[in-house]
Amino acid sequence: MNRTVKTAVLISGGGTNLQALIDAKAAGKLPHVSFCAVISNKEEAYGLVRAEKAGIPTHVVKKEKGRQEAFEKKLVEILESCGAELIVLAGFLAILSEDFVKKYPERIINIHPSLIPSFCGQGYYGLKVHEAALSYGVKVTGATVHFVNEIPDGGRILLQKAVEIQEGDTPEILQKRVMEEAEWKLLPRAVEMVAAQLCAEEEAS
Ligand code: GRF
C-alpha cells in the first residue's frame, strides 16, 4: 500500500474539476493521493456538495474586502490542521498573495483553460479566456496544468492538452468542450503525477 499525499482542493464554483478528481480517486487512478479538505471562498459553491457526497471535509473561507491577510491566515490554519502537503486550485477564483504562494513552492497546482502562454495572466479567467481565444481567431486552444508561483499563470507547466476550435463555437460551447476534452482528464493525471513524484523523492532520501 502506497503512502498517500494529503491534498486540499480549493474551489469557488461548480466544482466539475473537483468531481473529476473525486471520480478518478474512486476509479483507483490516484493511488498516491488522498483528499484532506475542500475549501471554498463562496458558501453557495456546488463543489461543496460534491465534496460532502464524497465524504471529504469542507470549509468555507470568505474574503472580506481589504482583508487579504486574514483570509490567507484562515486558509493556512485549515491547510495546516488537515496536514495538507499539496494544494490544488480547481476553479478557485480568489487571488492568493505572493507571500502565500511562496510558503508552498511547487506544492500548489492550478488548472487554466488555455494553452499557456496564450490567453493567460491577469484578468484571464472563466469565460474571458474563451472569449479572447475566439476573438483572436486561434484554431486550437486547450488547457494547462501548472505549478503556481508569484507570476499569474507563470509557474512550471506540468501537462497540456490541445482542443480544436469548431465553426460556430461560442465562449460557452468552447468552455464546455475544453473542460470535457482536456481539463477533466488533465487535472487528475497531473495531481497523481506530482503526488507520485513526492512519494518517490521521499523514498529515495
Ligand atoms: C474551469 O474552466 C477552470 O479551468 C477555471 O475555472 C473553471 C472551473 O470550473 N479556472 P469548475 O468549478 O471546476 O466546474
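This report covers the ligand site and the salt bridges of a predicted model.

## Ligand shell

The ligand sits in the largest pocket. Around the ligand are G13, G14, G15, T16, N17, G91, I111, P113, M179 and E183. Sorted by class, this shell holds 6 polar, 3 nonpolar and 1 charged residues. The charged one is E183, because Glu counts as charged. I111, P113 and M179 are the nonpolar members, because Ile, Pro and Met count as nonpolar.

Two helices each give the shell at least two residues. They are α1, spanning 16-26, and α6, spanning 171-204.

## Polar contacts and burial

Which residue places a polar side-chain atom 2.6 Å from a ligand oxygen? That residue is T16. E183 also uses its side chain: an N or O atom there is 2.7 Å from an oxygen atom of the ligand. N17 works through its backbone instead, with a polar atom 2.9 Å from a ligand oxygen. On its own, the ligand exposes 370 Å². The protein buries 87% of that area.

## Salt bridges

The model has 9 salt bridges. One of them joins the side chains of E202 and R3, with an N to O distance of 2.6 Å. This pair connects distant parts of the chain, 199 residues apart. E202 belongs to helix α6, while R3 lies in the segment before β1 (5-11). Helix α6 thus appears twice in this report: it supplies at least two residues of the ligand shell, and it carries E202 of the salt bridge to R3.

Notes: Residues are numbered from 1 along each chain as its sequence is written. This is a predicted model: local features need pLDDT of at least 70, side-chain atom pairs count only at pLDDT 80 or more; totals for chains, interfaces and linings use all residues. Side-chain values use heavy atoms; hydrogens and water are left out. A residue is near a molecule or strand if one of its heavy atoms lies within 4 Å of it. A polar contact is a pair of N or O atoms within 3.5 Å; within protein, one must be able to donate a hydrogen and the other to accept it, and residues adjacent in sequence count only if both atoms are side-chain atoms. Accessible areas come from the Shrake-Rupley method with a 1.4 Å probe; for residues, only the protein chains shown count as cover. On a 1 Å grid over the protein atoms alone, a cavity is a set of points where a 1.4 Å probe fits but cannot get out, and a pocket is an open set with protein on both sides within 12 Å along at least five of seven lines; lining residues have an atom within 4 Å of a point. A molecule sits in a cavity or pocket if more than half of its atoms lie within 2 Å of its grid points. Helices (H or I, at least four residues) and strands (E, at least two) are DSSP runs, numbered from the N terminus. A salt bridge is a side-chain nitrogen of Lys or Arg within 4 Å of a carboxyl oxygen of Asp or Glu.
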